[in-house]
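Trainee: Please take a close look at one part of this structure, the side chains and the packing around them. I should like a single connected account.

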Amino acid sequence: MVFKGVDNIYQVIGDAAFGTLTVNSLNVATGTFAPNSVQSTEKGLMFMAPDGVRLIDFNAHVSDPIGKDGDGITVPFLFAITPSRSAAVYNGGIYRVQVKNGSMAGAPQQDWWYDTVRTLWSEPAHDWDVSWAAIS
């Protein structure tokens, strides 16, 4: 998969040795500004799009944002500050992505975990300084 900014994703298939390379544009108007968020999983390729985390399955279908319509988490990714600095890792059924959340006071760095087996988002680790400041 080749990400062309946030506008498009291309699939390159074939074999260069046999001259059978083809480039197919996926019919979705999204991509990523967070290249370090792209991770291979047993369900496909996960990445942080500007509107949330998405999955490209093995048939090259791009999912809606995981958490669309309040079913999970999208706000930290919508308001990501410097998405090119975000990074992710995948292991043991967990996609872990770090983002600087501009929707919260102080724009804290947060780690969000998505369990692909249970299809659940975790809450980020609490920044107690920000929490206490918000209370007082």
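Mentor: Leucine 21 counts as partly exposed, at 48% relative accessibility, in what is a predicted model. This leucine is found in the loop between β2 (8-13) and β3 (22-25). On the surface, Leu21 joins Val2, Val12 and Val23 in a nonpolar patch, and together these residues have about 330 Å² of accessible area.

From the surface the account turns to the interior. The largest nonpolar core has 17 residues, and Val53, Phe77, Tyr95, Val97 and Trp121 are those with the most contacts inside it. Two or more residues are given to this core by each of β5 (44-49), β6 (52-56), β7 (87-91), β8 (94-100) and β9 (109-115). Of these, β8 supplies the largest share, three residues. Another core, of six residues, lies apart from it, and Leu26, Phe47, Ala49 and Ile56 are among its members.

Phenylalanine 77 deserves particular attention. Its relative accessibility is 2%, so it counts as buried. Leaving aside neighbours within four places in sequence, phenylalanine 77 is in contact with Met48, Ala49, Pro50, Gly52, Val53, Val97, Val99, Trp112 and Trp121.

The contact with tryptophan leads to the aromatic side chains. Three aromatic pairs are counted. One of them joins phenylalanine 77 and tryptophan 121 in a tilted arrangement, 5.8 Å centre to centre with 40° between the planes. Because phenylalanine 77 lies in helix α1 (residues 75-78) and tryptophan 121 in strand β10 (residues 120-121), this pair ties together parts that are 44 residues apart in sequence. Tryptophan 121 has a relative accessible area of 17% and is therefore buried. Tyrosine 114 also pairs with tryptophan 121; this pair is tilted, with 5.0 Å centre to centre and 50° between the planes. Tyrosine 114 has 9% relative accessibility and counts as buried. Phe77, Tyr114 and Trp121 thus form one aromatic cluster.

Charged side chains add a further set of links, for a search of the whole structure finds three salt bridges. Arginine 96 forms one of them with aspartate 111, the closest N and O atoms being 2.9 Å apart. Since arginine 96 lies in strand β8 and aspartate 111 in strand β9, the pair ties together parts that are 15 residues apart in sequence. Arginine 96 is partly exposed at 34% relative accessibility, and aspartate 111 is partly exposed at 25%.

In another salt bridge, arginine 54 and aspartate 51 bring their closest N and O atoms to 2.6 Å apart. Here arginine 54 is buried, at 9% relative accessibility, whereas aspartate 51, with a relative accessible area of 25%, is partly exposed. Arginine 118 forms a salt bridge with aspartate 115, the closest N and O atoms being 2.6 Å apart. In this pair the arginine is exposed, with a relative accessible area of 57%, while aspartate 115 counts as buried at 11% relative accessibility.

Two details of the backbone complete the picture. Most residues other than glycine have a negative phi. Threonine 82 has a positive phi, near 50°, and lies in the loop between α1 and β7. Its relative accessible area is 41%, so threonine 82 is partly exposed. Threonine 119 likewise has a positive phi near 50°; this residue is found in the loop between β9 and β10. Threonine 119 is partly exposed, with a relative accessible area of 48%.

Technical notes: Residues are numbered from 1 along each chain as its sequence is written. This is a predicted model: local features need pLDDT of at least 70, side-chain atom pairs count only at pLDDT 80 or more; totals for chains, interfaces and linings use all residues. Side-chain values use heavy atoms; hydrogens and water are left out. Rings of Phe, Tyr and Trp (its six-membered ring) pair if their centres lie within 6.5 Å; planes under 30 degrees apart count as stacked, over 60 as edge-to-face and the rest as tilted. Helices (H or I, at least four residues) and strands (E, at least two) are DSSP runs, numbered from the N terminus. Buried means under 20% relative accessible area, exposed over 50%, partly exposed in between (1.4 Å probe, protein chains only). Patches are made of residues with over 30% relative accessible area and no salt bridge: like charges are joined within 9 Å, nonpolar side chains (Val, Leu, Ile, Met, Phe, Trp, Tyr) within 5 Å. Accessible areas come from the Shrake-Rupley method with a 1.4 Å probe; for residues, only the protein chains shown count as cover. A salt bridge is a side-chain nitrogen of Lys or Arg within 4 Å of a carboxyl oxygen of Asp or Glu. A nonpolar core is a set of buried Ala, Val, Leu, Ile, Met, Phe, Trp, Tyr and Cys residues joined through side-chain atoms within 4.5 Å. Contact means heavy atoms within 4.5 Å.
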